[in-house]
Amino acid sequence: MITIIFYILATITLGTGILTVLAKNPIHSAVYMVVCFFSIAGHFLMLNAQFLSVVHIIVYTGAIMILLLFTLMLMNLSDQHEPKKKVASRIAAAVSVCLTAIVILAVFLKANVVIESYKAENIDFQSVQVIGQVLLDEYMVPFEFASILLITAMIGAVLISKREKKA
Amino acid sequence: METGLVLLLLIFPLVGFLINLSVGKKIGRSLPGIIATAAVTGSFAISLFYFIQILSTGQAIEVHLFQWVAFGEFSVNLAFVLDQLSLLWLLVVTGIGTLIHIYSIGYMHDDENVDRFFSYLNLFIFFMIVLVTANNLLVMFIGWEGVGLCSYLLIGFWYKNQQFNDAAKKAFIMNRIGDLGFLTGVFTLAYLFKTVDFATLKLALSTTTTPETSALLGVAAFCLFIGAMGKSAQIPLYTWLPDAMAGPTPVSALIHAATMVTAGIFMITRLNFLFDLTPDIQYFIAIIGAVTALFAASIGIVQTDIKKVLAYSTVSQLGLMFLALGLGAYQIAVFHVITHAFFKACLFLGSGSVIHAMGGEQDMRKMGGLKGVMSITYITFLVSTLSISGIPPFAGFFSKDEIMLVAFQNSPILWVVAMLASLLTAFYMFRVLYLTFFKEFRGTSEQKKHLHESPSSMTMPLIVLGVLATVGGLISLPFGYSWLNNYLSPIFSGSDVVEAHGFSTEQMVFMGVSTLIALIGMSLAYYKYMTKSTVPEEDEKITGFAKVLYNKYYIDEIYNTIFIKPIYAMSNFFNSIVESIITGVVFGFALIAKGLSAPAKALQNGSVGFYLSFFVVAFCLLIICLFLV
Amino acid sequence: MLDILEQVGINNYIYLSTLLFCVGVLGILYRRSTIVMLMSVELMLAAANLLLAVFSVYHQDVSGQVFVIFAMAVAAAEVAVGLAILVSIYRNIGSIDIDKLKNLKG
């Protein structure tokens with residue numbers, strides 16, 4: 001049962017991912033991407049990582065998605081026809097992707113296995129409570145830094161996209 | 001107190017220099033001259049104070065500032081010494097310097113760069129003080145180079161005239177040849193005795209007598225003499241001095257007659273203990289001196305530029321001083337330096353006054369009859385001419401006579417040469433006098449209207465110098481009544497000059513002969529230029545030996561052919577062939593690098609997409625290298 | 001649900017992540033629209049996050065998931081700044097076509 005759900009989710013993930021990349025209309029791409037992220041959130045849920053799953057939906061579909069759509073709207077790109085790349089560079093892109101896939105898979109296959117066989121032990125290591133404790137205890141400083149990073153990014157984004165005054 | 005006052009002596013002209021250099025342009029036309037004159041006067045007052053002090057105490061004053069250089073067992077201090085010799089020179093430098101500063105206020109009044117002129121003059125005085133008060137050879141070298149620099153700056157003061165710039169460069173380069181000799185001499189002495197300090201050297205020299213050392217001592221003395229040759233314009237390095245007349249006349253009077261050119265004599269006098277040990281070099285110095293005296297005097301008799309005549313006369317007189325030095329009669333050389341400073345400065349300032357009145361004209365063929373208009377200039381010029389010609393009782397007579405006496409005692413041939421030189425001196429000096437001040441005025445009528453006596457700031461120094469040129473001989477009277485010899489005796493350790501006390505017939509005869517010779521020269525000039533009213537011919541009409549003389553024995557041309565043209569040829573060779581080869585090689589490498597980089601340059605096409613593809617491929621290769629190989 | 005890895009197997013997750021990552025790479029290389037490239041970058045980040053979470057479960061250690069949270073924070077910041085830059089580029093050049101951005105050469 002779980003295996004079937006995994007395969008369905010995996011298919012949705014990959015399929016919407018490919019559609020994201022190939023869709024002609026950028027708005028369609030954005031919508032497919034949201035679906036893809038929802039499926040990844042589903043994967044997280046299956047792994048029993050509820051917190052991650054929720055955060056993933058909030059961040060990606062709630063924040064990043066909206067940003068992307070707003071940008072698209074600002075640029076009014078939806079009906080602009082995007083010319084295709086040259087054939088040579090498209091072939092080169094395909095070859096590079098295959099090469100990357102082979103290389104990464106080969107790395108994983110060649111890697112030394114640390115844990116020979118997986119055996120679930122019934123300990124609570126990933127509940128929201130535990131994550132909260134770890135985040136605000138062990139990873140306190142990086143957590144604060146992340147907040148600084150975010151506010152910096154916000155200021156930066158405002159600064160960069162601000163319309164320059166005409167001199 | 002002592003240190004402070006001595007430092008003040010040095011600092012006054014330096015401060016004057018800095019003030020005129022920095023704010024000279026803003027403080028008006030007359031203030032720079034006043035500041036500069038005040039600075040030199042301050043130095044003169046301090047020198048006078050110490051001079052009076054040393055007259056009563058006889059003690060030299062040493063001022064040690066700090067250790068300048070130290071390595072191994074060799075060290076040099078920045079130290080100054082005020083002894084009898086340097087104080088005497090200080091008085092001459094700052095005293096005549098003050099007079100010439102005052103004179104310059106009038107002479108340079110209309111020049112637009114009067115502030116620059118006075119700042120250079122002050123800088124010169126500063127370096128000259130450093131030179132004469134130095135307590136070791138290296139500090140002396142600072143002053144030595146400094147006065148050379150100021151000489152260069154002042155000869156080329158009117159830098160808009162290319163000829164003047166060339167003259168300045170010539171002076172500088174000639175001096176550099178001498179400086180090389182000077183430095184080599186200093187290094188040899190430093191190598192031998194591990195010191196360049198005068199007092200220590202003197203001590204070391206009195207004890208060392210190995211053959212190797214004495215051979216090297218000869219080398220050192222010779223090299224130092226080359227330095228003196230360059231600075232004091234002796235054969236073969238004299239040609240810069242006549243050209244140096246391109247500078248303003250006060251500069252010629254101060255630097256190229258009274259002070260800087262005597263630096264070589266000062267240096268040799270300072271190192272008398274060294275030269276006493278090398279009789280061969282001394283003899284060489286004497287010969288060079290005598291030959292220079294005659295040679296320059298012979299050129300002087302046909303020159304038509306009033307300043308050129310005086311320049312050759314300076315070279316000739318310096319030759320006489322070197323003759324005295326070479327014969328070991330240092331105090332006589334010093335005596336002649338002092339009297340020469342008086343009358344030659346006076347002559348130059350007088351000629352400056354004439355040039356000023358003539359509106360810049362220097363050619364004697366266009367002068368004449370100035371006696372009536374410029375009486376003060378005429379009288380002082382006459383006095384100085386009598387003095388330089390050796391007519392008693394003027395100052396030049398005493399110093400010149402002593403040189404003749406010493407020359408005769410050592411070598412009659414040298415005496416004959418020196419006598420001939422002084423005959424010619426008397427001739428050409430009176431020639432200048434007659435051509436300039438007597439007969440009819442030969443210039444244009446416009447110049448004639450302009451003729452006037454110079455302002456009092458110019459005539460006052462002339463009068464003072466004229467008086468000094470008259471009575472200057474009193475400091476060293478013959479027959480054993482010489483104050484100067486006693487005064488300088490602490491400087492010369494083994495003074496072996498025989499001093500005849502009391503009247504001797506020989507000396508009387510000598511004086512008679514000297515005076516007679518001077519009178520002959522004078523009458524010859526009178527006959528030629530007064531009785532026959534000859535005026536030197538135009539440049540093209542001069543023929544025969546006179547032409548050779550007029551063209552200064554073609555020495556400049558000979559130097560041009562021997563040294564300058566080969567050097568130019570060599571530079572051309574290096575410029576055209578060697579440099580193009582080197583350039584070719586360098587450019588070749590550049591071309592190779594450019595060619596090799598052309599494919600790599602194509603990769604940098606600026607397209608972000610292209611870069612991304614390479615990024616991915618490189619990422620794959622990196623992973624392969626890291627984990628899969 | 002705890003024994004999901006026992007049933008599905010970690011290899012399948014690895015294959016899934018790798019493929020998703022490669023889809024992201026394809027998007028970067030294949031597309032000319034910069035904004036879609038930015039989405040592809042998000043896909044690649046998601047793939048990496050997924051694998052981190054999987055291994056976190058596999059090791060039964062929460063650190064991996066904490067790391068995912070940080071990665072998401074960074075991703076959010078990146079998208080914000082990236083989009084701002086895109087807007088700026090669009091304003092200056094009038095296009096966000098990657099092939100028209102050719103000023104990056106010396």
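This briefing describes contacts between chains and between helices in a predicted model. Chain C and chain A meet through 62 residues of chain C and 70 residues of chain A, whereas the contact of chain B with chain A takes eight residues from chain B and nine residues from chain A. Two helix pairs are also described, one within chain B and one between chains A and C.

**Contact of chain C with chain A**

- On the side of chain C that touches chain A, the elements that each give two or more residues are α1 (4-8), α2 (10-30), α3 (34-59) and α4 (63-93) of chain C.
- Of these, α4(C) gives the most, with 20 residues.
- By class, this side of chain C is made up of 47 nonpolar, nine polar and six charged residues.

**Helix pair between chains A and C**

- Helix α3 (residues 50-75) of chain A packs with α3(C) at an angle of about 175°, and their axes are 12 Å apart.
- Because angles over 145 degrees count as roughly antiparallel, α3(A) is roughly antiparallel to α3(C).
- From α3(A), the residues A:Leu52, A:Ile64, A:Leu68, A:Thr71 and A:Leu72 meet C:Ile35, C:Met39, C:Glu42 and C:Ala53 of α3(C).
- Seven nonpolar residues, one polar residue and one charged residue make up the contact of α3(A) with α3(C).

**Chain B: contact with chain A and an internal helix pair**

- The side of chain B that touches chain A divides into seven nonpolar residues, one polar residue and no charged residues.
- Within chain B, the axes of helix α3 (residues 84-107) and helix α4 (residues 114-133) come within 9 Å and cross at roughly 175°, and the two helices are therefore roughly antiparallel to each other.
- On the α3(B) side, this contact is made by B:Ser86, B:Trp89, B:Leu90, B:Val93, B:Thr94, B:Gly97, B:His101 and B:Ser104, while α4(B) contributes B:Phe117, B:Leu121, B:Ile125, B:Met128, B:Ile129, B:Val132 and B:Thr133.
- By class, the contact of α3(B) with α4(B) has nine nonpolar and six polar residues, and no charged residues.

**Annotated spans of chain C**

- An unreviewed UniProt entry places the feature "transmembrane region" at residues 12-30, 37-58 and 64-90 of chain C.
- In the model, residues 12-30 of chain C are 100% helix and 0% strand, with the end C-alpha atoms 26 Å apart.
- Residues 64-90 of chain C are likewise 100% helix and 0% strand, and the end C-alpha atoms of this span lie 38 Å apart.

Conventions: Residues numbered from 1 in each chain as written. Chains lettered and ligands numbered in written order. Predicted model: local features only at pLDDT ≥ 70, side-chain atom pairs only at ≥ 80, totals over all residues. Contact = placed C-beta atoms within 7 Å. Helix = DSSP H or I, 4+ residues; strand = E, 2+ residues; numbered from the N terminus. Nonpolar A, V, L, I, M, F, W, Y, C, P; charged D, E, K, R; others polar. Axes fitted to C-alpha atoms, helices over the stretch in contact; angles between N-to-C directions. Parallel < 35°, antiparallel > 145°, perpendicular 65-115°, else oblique. UniProt positions renumbered as here; feature names shortened; annotations may be inferred.
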